Amino acid sequence: MPGVTDIPGNASSIDAARYRQVLGHFPTGVTVITAHGDDGPVGLCVGSFASVSLDPPLVAFFAGDQSASWPKIHEAGHYCVNVLADDQEDVARVFAGKGDDKFSGIGWRPSVATGAPVIHDVLAWIDTRIEAVHQAGDHWIVVGRVLDLEIGHEGGPLVFFRGGFGRYQS
């Protein structure tokens with residue numbers, strides 16, 4: 001059996017810009033992952049969120065290994081997934097950026113189970129305890145056991161497609 005380096009199309013032959021361009025054709029929902037640690041609330045915007053298992057109830061997100069927020073979420077031991085509505089692009093942009101106080105001007109309340117921030121007016125939220133963390137290339141796969149969840153309101157989701165934010169049209 002050939003080694004990975006012998007297979008045409010191995011990772012070293014994939015152009016990063018082309019990779020982003022092609023995968024950008026897959027639309028994703030937009031979420032803000034939050035936690036509450038010793039230094040207060042912390043959060044980051046991710047489009048790489050997934051349901052993993054119904055029994056036990058598990059979800060996951062993927063955090064870049066260069067993220068300044070991820071280590072604080074990991075240290076907290078829990079996280080809340082905030083599913084953004086189509087009118088929350090401004091919230092997504094705040095949490096996609098760098099900054100010490102991303103929560104300034106953002107309404108939120110602590111979740112009952114973990115105290116992680118639940119952002120006001122999100123479509124839904126899922127509160128979890130970190131169950132497992134796996135390194136995968138330049139990202140961490142963060143699996144959380146669902147402790148509580150709720151629909152915030154009915155409406156359209158914020159989506160990310162081909163490098164920009166948009167709305168889902170049914």
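Visitor: Where does P56 lie?

Guide: P56 lies in the loop between β4 and β5. Strands such as these are DSSP runs of E, at least two residues long, and helices are runs of H or I, at least four residues long; both are numbered from the N terminus. Before we go on, two notes on the source. This is a predicted model, in which local features need pLDDT of at least 70 and side-chain atom pairs count only at pLDDT 80 or more, while totals for chains, interfaces and linings use all residues. Residues are numbered from 1 along each chain as its sequence is written, and side-chain values use heavy atoms, with hydrogens and water left out.

Visitor: Which peptide bond is cis?

Guide: Start with the general idea. Most peptide bonds are trans, and most residues other than glycine have a negative phi. Here the bond from D55 to P56 is cis, and its omega is near 5 degrees.

Visitor: Which residue other than glycine has a positive phi near 70 degrees?

Guide: That is D121. Look for D121 in the loop between β8 (117–119) and β9. D121 counts as exposed because its relative accessibility is 58%. The cut-offs are these: buried is under 20% relative accessible area, exposed is over 50%, and partly exposed is in between, with a 1.4 Å probe and protein chains only. R162 is not a glycine either, and its phi is positive, about 50 degrees. R162 sits in the loop between β11 (158–161) and β12 (164–167). With a relative accessible area of 57%, R162 is exposed too.

Visitor: Now the sheet. What is the order of the 7 strands?

Guide: The general idea is that strands of a sheet pair through backbone hydrogen bonds, either parallel or antiparallel. In this structure the open sheet runs β3-β2-β6-β9-β10-β5-β4, and the pairing is antiparallel. Two strands pair if DSSP finds at least two bridges between them.

Visitor: Which strands stand at the edges?

Guide: They are β3 (40–46) and β4 (49–53). Each has a single partner strand, so one side of each has no neighbour in the sheet. Neighbouring strands here are turned by 35 degrees against each other on average, direction ignored. For such values, axes are lines fitted to C-alpha atoms, for helices over the stretch in contact, and angles run from 0 to 180 degrees between N-to-C directions.

Visitor: How many bridges join β9 to β10?

Guide: Count 12 bridges for this antiparallel pair. One example is I130, whose bridge partner in β10 is G144. The two strands form a hairpin with 2 residues between them. In its turn, G137 has a positive phi of about 60 degrees.

Visitor: How many bridges join β5 to β10?

Guide: There are 7, between residues 58–64 of β5 and residues 139–151 of β10, and these strands run antiparallel. G64 stands opposite H139 in this pair. On to β6 (residues 78–83): 6 bridges join β6 to β9 (residues 124–136), again antiparallel. There, V83 stands opposite A124.

Visitor: Which helix lies across β2 and β3?

Guide: Helix α3 (residues 89–96) does, crossing β2 (31–37) and β3. Helix α3 runs at about 105 degrees to β3.

Visitor: How many salt bridges does the structure hold?

Guide: It holds 3. The rule is a side-chain nitrogen of Lys or Arg within 4 Å of a carboxyl oxygen of Asp or Glu. Take E89 and R93: their closest N and O atoms are 2.8 Å apart. Both belong to helix α3, and being 4 residues apart separates them by about one helical turn. E89 is partly exposed, at 26% relative accessibility.

Visitor: Which residues are linked in a network of salt bridges?

Guide: R129, E131 and R145 are. R129 bridges to E131, with closest N and O atoms 3.4 Å apart. E131 also forms a salt bridge with R145, at 3.1 Å between the closest N and O atoms. E131 belongs to β9 and R145 to β10, so this pair ties together parts 14 residues apart in sequence. The network residues are partly exposed: R129 has a relative accessible area of 38%, E131 has 37% and R145 has 25%.

Conventions. Contact = heavy atoms within 4.5 Å.
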